[in-house]
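Hi,

Here is the structure I promised to pass on. Have a look at it, and then read on for what turned up in the strands.

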Amino acid sequence: MSDEITRIFDFPYYQLDNAPLQKSYNFKKDGKWQSISTETFIKEVNKVSSSLLSLGVKPGEKIAVITENNNPNWHILDIGTLQIGAQNVPLYATLSKKDYEYILNHSEAIYCFVSSEELYEKVAAVANKTKLKKIFSLNEIQKDYDWKNFLALGSNINYTAAINNLKKNIKPNDLATIIYTSGTTGTPKGVMLSHKNIIFSVFSTAKKLNLSTGNKKIVSYLPICHIFERAASYYNVFMGFEIYFSESIDELGETIKEVQPHYLAIVPRLLEKIYDKIIAKGSELSGLKKWLFYWALAIGEKYEPYHKNSRLYDIKLKLAQTIIFKKWREALGGNIQFMISGSAPLQAKLIKVFTAAGMPIYEGYGMTESSPAGTLNDKRNKGLKIGSVGKVLEGVTIKIAKDGEILIKGANVMLGYFKNKELTESTIINDFLHTGDIGKIDEDGFLYITDRKKEIFKTSGGKYIAPTVLENALKQSRFIEQVMVIGEGEKMPAALIQPNFEFLKVWSKRHKHVIKDISTDVNIISRIQKEIDYYNQDFGQWEQIKKFEITSNEWTIDDGLLTPTLKMRRKNIKEKYKNLYQKIYNS
C-alpha cells in the first residue's frame, strides 16, 4: 500500500482506485449535510490544477490558504496545488495583518485563498506589500474572485497531459508545504515538510491504530493548517473513512451526536472542556443519581490498564460502565473506539476516566518539525502507560541528550526552516531533531515529557522550576481553567489564574453568594487558595505556589493569549497582566 502512495496527492487517487466513496467529504449547507464523492473530488482537484496552470503557476511556487473552518475546498485546493509541484502555505485565520504581511512576504506566496470576506479584507490590506498577484475566495460569493470563477479559469484548455507530466516529475523528497508555527513567543518559523515526511508519519502512526478500513465516519474540526489535523486527514482518506466537517467548535458537540464518529483527534484543552461539561451536568443531579455519578467518577479515576486493579474493582467498573459511563459514550455519538491526544500534555486523570468509560485516550508526542510523528500509546500488546506519551513509532529513533532534551531521528524530520539555514543547523544536528522538550524513557521504552526546555526557569534562589508540571496539576481543579506559573529570577514561584467562570456561576449559586468582581472576591480567592494548598502537597517546598492572582477575563485566541491549538502564549499573558505580576512580587 505504501508503495502506491509516495506523494501526498496519491492518497485520493488510491481511494478512487481501491474503495471510492459516495460520501468522501461531507459538509453542511443551509443546515443540511451535503456530500462530495471521491470521483467528484478528483475532478475538482484537476480543475484547481488547470486554473493554477492557466494563471502561470510553476513548480516550486507558493500558494497561501487561510480558513476559519475546515471545508472540502481546502482539501481540493491542497491536492490540486501539490500535484503540479507547487507548495501550499496554510495559515491560521486568527493571525494579525502584521503576521500575514510577514508570512506572505517570507514565503513568497503568489496567490492566496481565503474563506471569508473578513479574511479577504485583512489580506487585501497588506497585499501591495507582498508578492501576491491576486486573492481568491474558497467560497461561491458572487464576486469575480470567488471559487466558481477561479475554477472557470482553466476550463478553456485541456491541461490533462500537462498535469500528468508534472505529477510524474514530483519526487517523494520534494518540498510539499511550509507550515509556519504559531509559536508561543517570537517570530513564526517556516517548517519545510516534504511529501515523504508526512506520508511516513501517516503510515507509521497507522500501524499503531487498531482500525479496519472503510465503513467509518470521522469529524474534522481542529485547524487544518495544523499538521496534527492535516496528517489525520490524509490517514482518513487512505483508510476510506467518511470525513464530516464541523461548522465550528461551538457546534462540535451537536456534530458529534449527528455523525457518531468512530474516533476523535483531540487537543487537551478541548477534552478538558468536554470533561467539565460532563461534571457540571453531574453536579446538577440529586439523590441516588448524583451519588451514582460521583461513585462511577471515583471508580474511573482509579483506573489502571490490563486489569492491574483487583477483581472487585473490575466488577465495580463494569457496573459503572453500564449505569453511568454508557451515557458518556452516547453523548459522544456512541461509536468512539478511541481518542488520540496531541499538541500539549494531558492530565492523567482524564486519560483514566475516559478510558474507564470505554473511550480510551491514546496520548502521543510529536511536533510540526517531526510532521508530526514521534510516539503514541496503543492499548494492544501492553502498549499503554498512562502518564507517558507512548512508545516510539516504527522507523523513528528517539534518545535523551545529557541535559534531558528529547532528540528525534527519522524520515519524519523536516527538511529544515525556510530561509533560515543557521536555525536549521542548530536544530538538526547529526540528523537528530532537537525538540526543545525535556523528557525521559523508562525501562519499557515509554517516553515521558517533563517540560519545555525553554520554559524551565530558575528562581533568584537558584532553584529550577518546571512550570508545565505544576500547571497540569493545578488544572485538575474544577475552579481553575487556565494557569500560568511565573517567577523567573524572582524569590518564589507564583501563578496567574483564569478561573473556570462557568463552574464559578454554579458554585456561587449553590452557596448563595453574589460575585461582584471575581478577581478580588474574598470567598473565591479563599476557595482557590484551598485548591492550591491541596495540589502544592505533591511538590517540593521550593516548587510550591506561594502567591497567585486571578484574572477577570477569559484567555482566548482572539486576544492573542492562546495559540490556535489552545496553548498559552506566555509572553503575551505576562505582558497583559504585568500589573498583577508586579502586585505579586512588589507587595
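**The three-stranded sheet**

Three strands, in the order β24-β25-β26, make an open sheet with mixed pairing. The edge positions go to β24 (480–486) and β26 (547–550); each has a single partner strand, so one side of each has no neighbour in the sheet. From one strand to the next, the twist averages 25 degrees. Keep in mind that this is a predicted model.

As for the link between β25 (residues 494–499) and β26, the two run parallel and are joined by four bridges. If you want a spot to zoom in on, try Ile497, whose bridge partner in β26 is Ile550.

**Around β5**

The other thing I'd point you to is strand β5 (residues 109–114). Six of its six residues are buried, that is, under 20% relative accessible area, so the rest of the structure largely encloses β5.

β5 pairs with β3 (residues 62–66) through five bridges, and these two strands run parallel. Here Ala64 has Cys112 of β5 as its bridge partner.

β5 is also joined to β6 (residues 134–137), by four bridges and again in parallel. Val114 is matched with Ser137 in β6 as its bridge partner. How does the chain get from β5 to β6, and what is the handedness of the crossover? It passes through helix α5 (residues 117–124), and this β-α-β crossover is right-handed.

As a reminder for when you look at the pairings, strands of a sheet pair through backbone hydrogen bonds, either parallel or antiparallel.

Cheers

Conventions. Residues are numbered from 1 along each chain as its sequence is written. This is a predicted model: local features need pLDDT of at least 70, side-chain atom pairs count only at pLDDT 80 or more; totals for chains, interfaces and linings use all residues. Side-chain values use heavy atoms; hydrogens and water are left out. Two strands pair if DSSP finds at least two bridges between them. Axes are lines fitted to C-alpha atoms, for helices over the stretch in contact, and angles run from 0 to 180 degrees between N-to-C directions. Buried means under 20% relative accessible area, exposed over 50%, partly exposed in between (1.4 Å probe, protein chains only). A crossover is right-handed if, with the strands pointing away from the viewer, the path from the first strand over the helix to the second runs clockwise.
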